[in-house]
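Reader: Hello! I have just opened this structure and would like a friendly tour of its open and enclosed spaces. Where shall we start?

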Amino acid sequence: MACTIMQLTEHVGAEVRGVDLREPIDADTHAALNRAFVAHHVLVIRDQDYTPENFKTAAQVFGELQQHDKKEHHVPGHPDVYYVANDEIVNGKRIIPGETFHTDHSNHPRPPKATTLFAVQLPSRGGDTQYVSMHRAYDDLPQSMKDRIKDLRAVHVYQSKYSPRSLGKIDAASLQDIPPPGVHPLVRRHPENQRPALYLNPVRIEAIEGMADRDALALIEELMAHATQPRYEYRHRWRHGDMVIWDNRSVMHQANPDYDMAERRYLYRLMLKGTAPIGI
Ligand code: OGA
Ligand code: MN
């Protein structure tokens, strides 16, 4: 199979063409895709055509499926295929999943290594997803900051009382099944590419061990302002047929609510199992 992989920016993202992940792929293609994922952190796999079951097959090229916290929120008839859409309103406010920069499900002791979306319905303009390299952001920190944060560990809960946004509704049964908070290093070493990365998530981080909340929040805010600079970013403009898979150990991401909300944005979503983050 003639599969091509083309880098999109110097720091994040590669585009994959010439592969149909509904079908079994050979060992070389499998290895090449997984190498590209670890090297580029975000893969944009063009021109796919998936049912929910096809999408599961495609995602499993990169790992093992992980269940989502909101078990009740799934594609009808497919309990293990989640979706993101722009149609949930809570207390008069529209919930846009992923609206501020974050990494997925970091409240888990073993957070998902990857998340993938497949575009089913897109607005006629807008609704991009932004990704920032947490490896590059870490590398560029002044040595004094690297020394300061090296051994710090943050407590990630389902939804921090300091979260900048609501995660929307979750039912009692799902809430009951949520694991205990993940306590993770602020700087983690990627288990596959071995690079250090910042590991931040203002939606989930409720405390840093041994710090007053006020100081912890100020530190997170400073690191977030640094990490979300455009120079660390790849901004994905969705096209029909796109499957995008990203490495939650290497990037943060955010959705953009900058389109006409009368238009529907609907994407299938899956996550892949990861391991407990290890410090540097
Ligand atoms: C997610 C997410 C962003 C988007 O699915 O985890 O943050 O642009 N999505 O929909
Ligand atoms: Mn997300």
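Author: Let's start with the largest pocket, keeping in mind that this is a predicted model. The residues lining the largest pocket are Q66, Q67, H68, D69, K71, H108, R110, D177, P179, K273 and G274.

Reader: How many of the residues in that lining are nonpolar, polar and charged?

Author: Glycine is grouped with the polar residues here, so G274 falls in that class. Proline is counted as nonpolar, so P179 belongs there. The lining of the largest pocket then divides into 5 charged, 5 polar and 1 nonpolar.

Reader: How much space lies in the largest pocket?

Author: The lining includes H68 and K273. The space in this largest pocket comes to about 170 Å³.

Reader: Where does ligand 1 sit?

Author: Around ligand 1 we find V84, G98, H102, D104, L117, T129, W246, H253, A255, R265 and R269. This shell is made up of 4 nonpolar, 4 polar and 3 charged residues. As for its place, ligand 1 sits in the largest cavity.

Reader: Which residue has a polar side-chain atom 2.6 Å from an oxygen atom of ligand 1?

Author: Polar contacts here are pairs of N or O atoms within 3.5 Å. The side chain of H253 has an N or O atom 3.0 Å from a ligand 1 oxygen, and R269 places a polar side-chain atom 2.7 Å from an oxygen of ligand 1. At 2.6 Å, the residue you asked for is T129.

Reader: What share of ligand 1 does the protein bury?

Author: On its own, ligand 1 exposes 290 Å². Of that area, the protein buries 97%.

Technical notes:
Residues numbered from 1 in each chain as written. Chains lettered and ligands numbered in written order. Predicted model: local features only at pLDDT ≥ 70, side-chain atom pairs only at ≥ 80, totals over all residues. Heavy atoms only, no water. 1 Å grid on protein atoms, 1.4 Å probe; cavity = no way out; pocket = protein on both sides within 12 Å on 5 of 7 lines; lining within 4 Å. Points joined across faces, edges and corners; volume = space filled by probe spheres on them. Near = heavy atom within 4 Å. Polar contact = N/O pair within 3.5 Å; in protein donor to acceptor, adjacent residues only side chain to side chain. Areas by Shrake-Rupley, 256 points an atom, 1.4 Å probe, with all protein chains shown as cover. Sits in = over half its atoms within 2 Å of the grid points.
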